[in-house]
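Me: I would like to go through this structure with you, one topic at a time. Could we begin with a single residue pair and work outwards?

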Amino acid sequence: MAEPTTVTASLNYLVLVGSTELKSNVTLKGEDVQIENIRGNEGSVTLDTTGFQYFKRAAKHTAFTDDATIKEEYYPESIDLVKELTGASKVVIFDHTIRRNAPGNLTDDPENRKPVTQVHVDQMKKASIARVHRHVPEDAESLLKKRFQIINLWRPIKHAAYDFPLALCDYRSVDTEKEVVPVTLKYPDFNGETMLVQYSPNHKWKYLRGMTPEEFVLIKCFDSNEDGKTAIYTLHTGFIDPTTPEGSPLRMSIEIRALVFYD
């Protein structure tokens with residue numbers, strides 16, 4: 001069976017109701033969109049133009065069952081990988097999340113989260129700068145004088161991600177002034193910020209159907225290079241693909257988020 005070139009799927013967008021102070025104060029609405037499958041045309045997207053880029057490189061660590069071992073084994077190889085592919089001089093991973101699309105999964109801890117089902121951006125500028133101060137306080141002032149990014153390295157684990165794949169939006173199709181809305185996330189010891197997104201028919205969505213554990217995508221969450229030409233962040237969400245083969249195993253994936261610094 002031939003690969004579909006596009007699929008139609010419903011993505012959950014923000015409908016603004018009142019304050020954006022808490023997640024409970026926002027309403028989501030599903031909008032049908034066209035999502036292009038770029039399998040065979042992966043070179044059409046890059047980190048600095050669209051905000052994301054696909055690569056193929058198997059991970060040495062493949063168990064992904066123990067938090068400590070992930071940090072001991074998967075973090076170092078991921079740091080080396082991000083440095084190699086971006087030319088960065090310093091990479092600091094500050095968290096990771098394993099997601100499982102499992103029926104009855106009601107927990108929300110970092111080792112057992114569900115796929116995110118709303119269009120969002122992980123970090124705002126203010127929160128990104130705060131991350132630098134939080135995770136590398138001794139060097140924050142000097143590091144912030146040069147270009148830095150937050151990058152998410154996302155890959156399927158165990159099997160191909162036909163179920164609940166990840167859709168990413170071409171940064172060039174987003175009106176960053178009108179469509180992206182900051183939302184405060186309340187944590188026990190600090191406040192974070194994310195961004196939810198209002199619908200636009202101009203958004204150009206992409207995905208790589210059936211990503212395997214040997215494939216991964218770098219997703220830009222923030223870039224301090226605000227030259228007006230470089231992608232600053234990437235809208236993304238998990239979605240239900242109507243072409244998912246019957247009986248496909250439920251999605252399992254890991255994402256690591258890293259501070260990425262340049263000389």
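Me: Which residue of β13 stands opposite Arg155?

Reply: In this predicted model, Arg155 faces Ile254 of β13.

Me: How many bridges join β6 to β13?

Reply: There are nine bridges between β6 and β13, and the two strands run antiparallel.

Me: And on the β11 side, what is the bridge partner of Leu153?

Reply: Leu153 is paired with Leu218 in β11. The pairing of β6 with β11 is antiparallel as well and has six bridges.

Me: In what order do the strands of the sheet come?

Reply: The sheet is open and has five strands, in the order β3-β11-β6-β13-β4, with antiparallel pairing. Its edges are formed by β3 (52–56) and β4 (90–100), each of which pairs on one side only. On average, neighbouring strands are turned by 20 degrees against each other, direction ignored.

Me: How many bridges hold the edge strand β3 to β11?

Reply: Five bridges link β3 and β11 (residues 215–223), in the antiparallel sense. Within β11, Val217 stands opposite Tyr54.

Me: Back to β6: is it enclosed or open to the outside?

Reply: β6 is largely enclosed by the rest of the structure, because nine of its nine residues are buried, each with under 20% relative accessible area. Both faces are covered. One side carries Phe148, Ile150, Asn152, Trp154 and Pro156, while Gln149, Ile151, Leu153 and Arg155 are on the other.

Me: Which helix lies across these strands?

Reply: Helix α1 (residues 67–86) lies across β3, β4, β6 (148–156), β11 and β13 (252–261). The helix runs at about 125 degrees to β4.

Me: Changing topic to pockets: what volume does the second largest pocket have?

Reply: The volume of the second largest pocket is about 390 Å³.

Me: Which residues lie nearest its centre?

Reply: Tyr171, Thr176, Glu226, Ile232 and Tyr233 lie nearest the centre of that pocket, out of 20 lining residues. By class, the lining comprises eight nonpolar, six polar and six charged residues.

Me: One last residue: where is Asp175 found?

Reply: Asp175 sits in the loop between β7 (166–169) and β8 (180–186).

Me: Why is Asp175 called partly exposed?

Reply: Asp175 has a relative accessible area of 28%, so this residue falls between the 20% limit for buried and the 50% limit for exposed.

Me: How far apart are the C-alpha atoms of Asp175 and Ser200?

Reply: Those C-alpha atoms are separated by 8.6 Å, with Asp175 and Ser200 being 25 residues apart along the chain.

Key: Residues are numbered from 1 along each chain as its sequence is written. This is a predicted model: local features need pLDDT of at least 70, side-chain atom pairs count only at pLDDT 80 or more; totals for chains, interfaces and linings use all residues. Side-chain values use heavy atoms; hydrogens and water are left out. Two strands pair if DSSP finds at least two bridges between them. Helices (H or I, at least four residues) and strands (E, at least two) are DSSP runs, numbered from the N terminus. Axes are lines fitted to C-alpha atoms, for helices over the stretch in contact, and angles run from 0 to 180 degrees between N-to-C directions. Contact means heavy atoms within 4.5 Å. On a 1 Å grid over the protein atoms alone, a cavity is a set of points where a 1.4 Å probe fits but cannot get out, and a pocket is an open set with protein on both sides within 12 Å along at least five of seven lines; lining residues have an atom within 4 Å of a point. Grid points are joined across faces, edges and corners, and a volume is the space filled by probe spheres set on the points. Ala, Val, Leu, Ile, Met, Phe, Trp, Tyr, Cys and Pro count as nonpolar, Asp, Glu, Lys and Arg as charged, and the others, Gly among them, as polar. Buried means under 20% relative accessible area, exposed over 50%, partly exposed in between (1.4 Å probe, protein chains only).
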